[in-house]
Amino acid sequence: MISSTAKRIAENLGRVRATIAEACSRAGRDPLDVQLVCVTKYARPEWIDGLLECGESVLGESRPQQLEQRAAEFPDHVQWHLLGQLQRNKVRRTLAAASLVHSVDSLRLLERIETIAIDEGRRPAVLLQINSSDDAGRNGFTPQTLRAAWPRVCELTRTDVRGLMTMAPPSEDPLVTRAAFDSIRELAVDLRAIPVEEGAVALQELSMGMSNDYEIAVEAGATIVRLGRTLYEGLDG
Ligand SMILES: *Cc1c(COP(=O)(O)O)cnc(C)c1O
């Protein structure tokens, strides 16, 4: 028996998948190359049950503490992604609970992750967060600071740096959003082309696109979209 919450979420997921498929077809991409992370930071526990009933298993939280709590409460097969800021003193616990950290926003944090990974015999998967809005209040590497840090990033071979993550600058203009996503894709292409001494960093993932702009992100090459609000439309928050 499927709950009415799960039914509504299934409808929302259907709409989202259709939108992703259409964006892929416009861009000549395969929809299987776009992974959906269901963001649960504002979701009630029964909504999360609904997502799991619908077969979703990759969930995203923005706070390390809530991720840890929910990882303990929900079934083990769920993969938890951390989307929000990670303090250095929470790295150890977070690596134990999260399968992918999208929000590595400084070389200092990456170095800390590497140290803990060596210490605990882990191989954590991370994305580097890029501030694509020139907004000093936002976290993340700028393209310039990441280029400068790149040789060092490539030396940290214990951490699996899978790609880049960004949030588009707030804008009503789809062209501004598209330009921000395009510039992240181009940054990844440029970084991949830099010859490095040690283990090449593949940087294959681009985590970009939220409820309000995922269509544009998919057209621009996103391989991971992070959706919250749009999955819960029609449910009482
Ligand atoms: C909350 C959040 C999302 C999801 O946002 P929605 O607008 O609810 O789709 C995606 N990415 C990050 C980093 C977030 O904090």
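**Charge distribution, cores and selected residues of the predicted model**

The mean positions of the 28 positive and the 34 negative charges of the protein lie 3 Å apart. The structure described here is a predicted model, and its secondary structure consists of 8 helices and 8 strands. For a chain of 237 residues, a compact globule would be expected to have a radius of gyration near 18 Å, and the value of 18 Å computed for the protein agrees with this expectation. Taken along the principal axes, the box filled by the C-alpha atoms has dimensions of roughly 55 × 40 × 30 Å. The accessible surface amounts to about 11500 Å², with carbon and sulfur atoms contributing 47% of that area, while 48% of the 237 residues count as buried. Among contacts with a separation of 6 or more, 60% are made by residues 24 or more positions apart in the chain.

The largest nonpolar core comprises 64 residues, and those with the most contacts inside it are Leu-128, Leu-146, Trp-150, Leu-164 and Val-225. Helix α1 gives the most to this core, with 6 residues. Apart from this core lies another, of 7 residues, which includes Val-37, Val-58, Leu-100 and Leu-127. Within the 64-residue core, Leu-146 is one of the residues with the most contacts; when residues up to four places away in sequence are not counted, Leu-146 touches Leu-128, Ile-130, Phe-141, Val-153, Leu-164, Leu-187 and Leu-191.

Helix α1 spans residues 4-27 and contains Thr-5. Because its relative accessibility is 18%, under the 20% limit, Thr-5 counts as buried. With neighbours within four places in sequence left aside, Thr-5 is in contact with Glu-46, Trp-47 and Leu-235. The segment after strand β8 (224-227) holds Gly-234, which is exposed, with a relative accessible area of 56%. Although Gly-234 and Asn-12 are 222 residues apart in sequence, their C-alpha atoms are 8.9 Å apart in space.

Strand β8 itself contains Arg-226, a residue that is buried, with a relative accessible area of 5%. Once neighbours within four places in sequence are set aside, the contacts of Arg-226 are with Val-37, Val-39, Leu-83, His-102, Met-165, Thr-166, Met-167, Ser-207, Met-208, Gly-209, Met-210 and Ser-211. One of these partners, Val-37, is also listed among the members of the 7-residue core. Arg-226 and Arg-17 are 209 residues apart along the chain, and a distance of 13 Å separates their C-alpha atoms.

A further buried position is found in helix α4 (residues 91-97), where Thr-94 is located; this residue has a relative accessible area of 4% and is therefore classed as buried. Leaving aside neighbours within four places in sequence, Thr-94 is in contact with Pro-64, Leu-82, Leu-86 and Val-101. Leu-203, in the loop between α7 (174-192) and β7 (205-207), likewise counts as buried, at 0% relative accessibility. The backbone of Leu-203 has a positive phi of about 55 degrees, although this residue is not a glycine.

Helix α7 also provides a partly exposed position, Val-176, for which the relative accessible area is 36%. Its contacts, with neighbours within four places in sequence left aside, are with Pro-169 and Ser-171. Val-176 and Thr-5 are 171 residues apart in sequence, and the C-alpha to C-alpha distance between them is 36 Å. In the loop between α3 (64-73) and β3 (79-82) lies Asp-76, which is exposed, with a relative accessible area of 77%. The separation of Asp-76 from Val-196 is 120 residues in sequence and 37 Å in space, C-alpha to C-alpha.

Key:
Residues are numbered from 1 along each chain as its sequence is written. This is a predicted model: local features need pLDDT of at least 70, side-chain atom pairs count only at pLDDT 80 or more; totals for chains, interfaces and linings use all residues. Side-chain values use heavy atoms; hydrogens and water are left out. Helices (H or I, at least four residues) and strands (E, at least two) are DSSP runs, numbered from the N terminus. The radius of gyration is taken over C-alpha atoms; the globule rule is 2.2 Å times the number of residues to the power 0.38. Buried means under 20% relative accessible area, exposed over 50%, partly exposed in between (1.4 Å probe, protein chains only). Contact means heavy atoms within 4.5 Å. Accessible areas come from the Shrake-Rupley method with a 1.4 Å probe; for residues, only the protein chains shown count as cover. Lys and Arg count as positive and Asp and Glu as negative; His and the chain ends are not counted. The place of a charge is taken as NZ of Lys, CZ of Arg, CG of Asp or CD of Glu. A nonpolar core is a set of buried Ala, Val, Leu, Ile, Met, Phe, Trp, Tyr and Cys residues joined through side-chain atoms within 4.5 Å.
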